[in-house]
Amino acid sequence: MKKRVFFCITLFFVSQALYAQYFSWGNERGSTRWNHITTEHFQVIYPQGCDSIAQRCTQILHYVYTAVGNTLQHEPAKISVILHSQSRISNASVAWAPKRIDMFDVVSPMQTPDDWWENLALHEYRHVVQMDKLNEGFTRILYFLLGEQAPSAVAGLYFPSWFMEGDAVVSETALGTAGRGRTADFSMGLRAQLAQKQQFSYTKAYFGSYRDYVPNVYEMGYVVVANTRALYNPYVFAKVAQNVAQHPYSITPFDNALKRETGKNKLQLYDSTFKKQSLEWQLLREREIQKPFDTLIFAGKKIFTSYRFAQQISEHTILAERSGLAHRRQLIAFDTKTKKIKRIANTSQKPADEAFSANEKLVVWAETKPSLRWELTNATFIYTYNVQTHKKRRISTKMRLFAPAVSADASQIVAVEIAANGTYSLQFYNIQKKQWTEKIPLPQGEYALAPTWNADATKIAYVGVSSRGKRLVEYDVYTQQFREILPYSTEDLQSPVYYNSYILYTSSYSGVDNVYAVHSLSGQQWRVTVSNFGAQSPRVYGTTITFSDYSANGFCVGSLPAEPYKWHTKNAVRRYDFPLAETLAWQENSTLDFTKMPDTVFVSRKYSKLAHLFHIHSWSPFYLEYTQNTTNVGIGAQVVSQNMLATAITRLGYKATFDSNPKHVGFAAFRYTGFFPIIDLESEVGTQTISTNAQDVHCTVANNTAAMSLPFVISRGGFSRFFVLQGQAQHMFLEARSAAFRTFSSLACRYSAVFSNMSSTAPRDLNPAWGQRMEISYSHNPRTTMSPLSNYAYSRMDLYVPSMFKNHSIHGAAAADWHQNEGALLFNTQIFVPRGTESMVFRRKEMISSRIEYTLPLFYPDLAWREVFYCARLWATAFCDYALTHSKLQNTTNHYTSYGLDLNAEMHLLHFRAPLTAGVRTAYVQQTQQISCLALLSINMGAL
């Protein structure tokens, strides 16, 4: 009985957390028209004009349908798939309320030797199998109680994310021709950590750390899931998932099933599989004799700091992209003589795995050009930085461009374009003429990774990716002919660069990323570096090869003289066959051969946005209201709808409150984001009891709200910027069922504007180093000035400035408000009050409030106690607040000052992924000479 009570309580709160998110990537342009293909297992929704992409995706999904679910012994129910072809996002996701797959057409800069769509299908559809597998047994009963949110709640409670993602990586590796399990860079972080540091505790490996770099749950999960399958049998996790679905009330059904199938719980399984994998990697490392090199820039000594894509541009200057636990991503120039670093630009808007291009004259990179309004309709900014004049220039485009590369004479830029219909091409830009000059379609429907120029700007080399694998291709600018230098294979080729008649590139041929070379005419190949954990991104300056070499503290910048006579022929290098991946493929009987996929043509029809405006996916026997800042749960019931394009969210239901003025109301709420303005409508009708000193008055109440907002995104460089205009009208009606009280009716209108400009942050940052936020609002009642919702004005400004110390921050804020009717302050006041005075009543006409605070990290303990508790960091905020109030009715002016200290800890409880912040605030109020203590508690649901 105790277990069932615990389960019900926990399930309730977790389901709220998941239910409240209404996950959405955003929206395409409102004018986008859509088609859809409907089959037995899928509904594929896609923008008109993308028929070839949609047909291919539908073919792939049908082809993998049975195979992906084989080792989980399940074939899922029908699901919707939404294809996005207007953004620069390189990703995909599965959501379950409503259940759908979102897929984006942008190929990752680190794409494996697999076709992009095939890889997405094998990975994302495995998530569908995992979730749908839960919809049986006791969870099936919960479905009738909660709708599609039930499997999400059970998965959130019992499926650790390392299992979800690790199992999906196993799927793409076992069933595809490559997958991340067959690439060296995927395991590079774990190999270095295990060799140079230690095997971290389960909790640290799962939740991460601010003290050390911890590889993500994809890497952790692949090691655990893949090795468990190899050691026991491929159906281990099918039985685990079945047990979770049928017995969620047993508190630890995931561990119970693991124990039954393997004799180990998840902590023991983590420990044993990592020890096994660590030994295998040690043997792989020891079979090679490492080749020494000169280190030009060292990785972080105490704090993880990486220097990637290093390019030497002069005798003493090296450019690199720096990032780490304490550093946000920045393009820096390093002086090898003085050892000083100069920041050139923040690159947080640049894809993290996409290199910049540079020579002694110019540096070039690409960033996302956001649409003013539409999150999933964006283009590209090409940035250039002149090394001599130190001037940065922005080239605005209407295209989706990637991996721009500048020629050696700094006269041209070439970039890869992805058109909305899924075709790929090379785009050429003349720097002197400031115009795009030529567009060259890529052959055989392949995608180009990391194009690079030769020394005289006559040829371009790139890595071509298609369903046949990866190959190295050379394009002749004058003859406009493509020539294959290395044929298609499952070898993970990356980052080509010219050196005389050679092309250097990165490959995981030996099981570790290293720099290789191929003669562009003869095709003969050599290995240039022999790295412990991975050497990537080769570049050439004169007769020196620079590259990024990985360690547990980040990438350092290494260099070797370009001496071909010292290179080892590739034939003498033992190829690593990734035996764990081969075992997984053997367990699946065979790898899927997509060349044998049926060339079926599916019927496509117009998709009506109006006809599909509503899609009821979940319901619950309780009331839930979720906004960006608050979550309210109460007694009641509700039904929730969200359409597949994520433009319309509807809630219908009943709620009851039991405070000092209890009420019982029916409600309806509707939000639509498919127009340029966002529209919000909400209505409540019911009864309320108002307690007065004389008696309780029973009333009929109605509350109707209509709001319209215009959000504008204007992010640039290292700053996230937005501007929002909003207007709202609210009508309140209250009719008392007593002759002694009058009927109350009020119409309140509110107008507001918000501007925010915040710098990007590093993982250790508690606040932005630089930032400004301004807000101004005005509300009034057009009918009368005597209403409790009478005229009210409010303004606020926040300012963040950097401290002298890394990851510390200084935050100042000032606000003012004005009430036309002093009685209105309890109804619509927005201003903050000095901390420690929250329980005081501020009777006033006007108020001015200010605060200044200093936030600093204290300690990163990485402290764990079994599976109950994990603390990642502690920090403190010292503050001083001041407020001035003026009351016209009382003809008084009052001053309030408070000082204090917040002590906070970021932690995880009961292995819940969302971090919990708990702390205590001590405040001293000068006017009352009283000290107060307040407990602080919040949870970051955005981390899920």
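Start by selecting Phe 186, Gly 189 and Leu 190 in α7, then add Tyr 218, Glu 219, Met 220, Tyr 222 and Val 223 in α9: these are the residues through which the two helices meet. Sorted by class, this contact has 6 nonpolar, 1 polar and 1 charged residues. Keep in mind as you look around that this is a predicted model.

Now show both helices whole, residues 184-196 for α7 and residues 217-231 for α9. Their axes lie 10 Å apart and the packing angle is about 90°; α7 and α9 are therefore roughly perpendicular to each other.

Next, move to another helix pair: select residues 51-68 for α2 and residues 116-133 for α3. Here the axes are 9 Å apart, with an angle of about 50°, so α2 and α3 are oblique to each other. Turn the view to see their crossing, which is right-handed. To light up the contact, pick Ile 53, Arg 56, Cys 57, Ile 60, Leu 61, Val 64, Tyr 65 and Val 68 on α2, and on α3 pick Trp 117, Glu 118, Ala 121, Leu 122, Tyr 125, Arg 126 and Val 129. Colour them by class and you will find 12 nonpolar, no polar and 3 charged residues.

For the last stop, switch to strands. An open sheet of 5 strands runs in the order β23-β24-β25-β26-β30, with antiparallel pairing. Its edge strands are β23 (494-499) and β30 (568-569), each pairing on one side only. Zoom in on β23 and on β24 (residues 502-507): 4 bridges join this antiparallel pair. Finish by selecting Tyr 499, which stands opposite Tyr 502 in β24.

Methods: Residues numbered from 1 in each chain as written. Predicted model: local features only at pLDDT ≥ 70, side-chain atom pairs only at ≥ 80, totals over all residues. Heavy atoms only, no water. Axes fitted to C-alpha atoms, helices over the stretch in contact; angles between N-to-C directions. Parallel < 35°, antiparallel > 145°, perpendicular 65-115°, else oblique. Left-handed = near helix turned anticlockwise from the far one by under 90°. Contact = heavy atoms within 4.5 Å. Nonpolar A, V, L, I, M, F, W, Y, C, P; charged D, E, K, R; others polar. Pairing = 2+ DSSP bridges.
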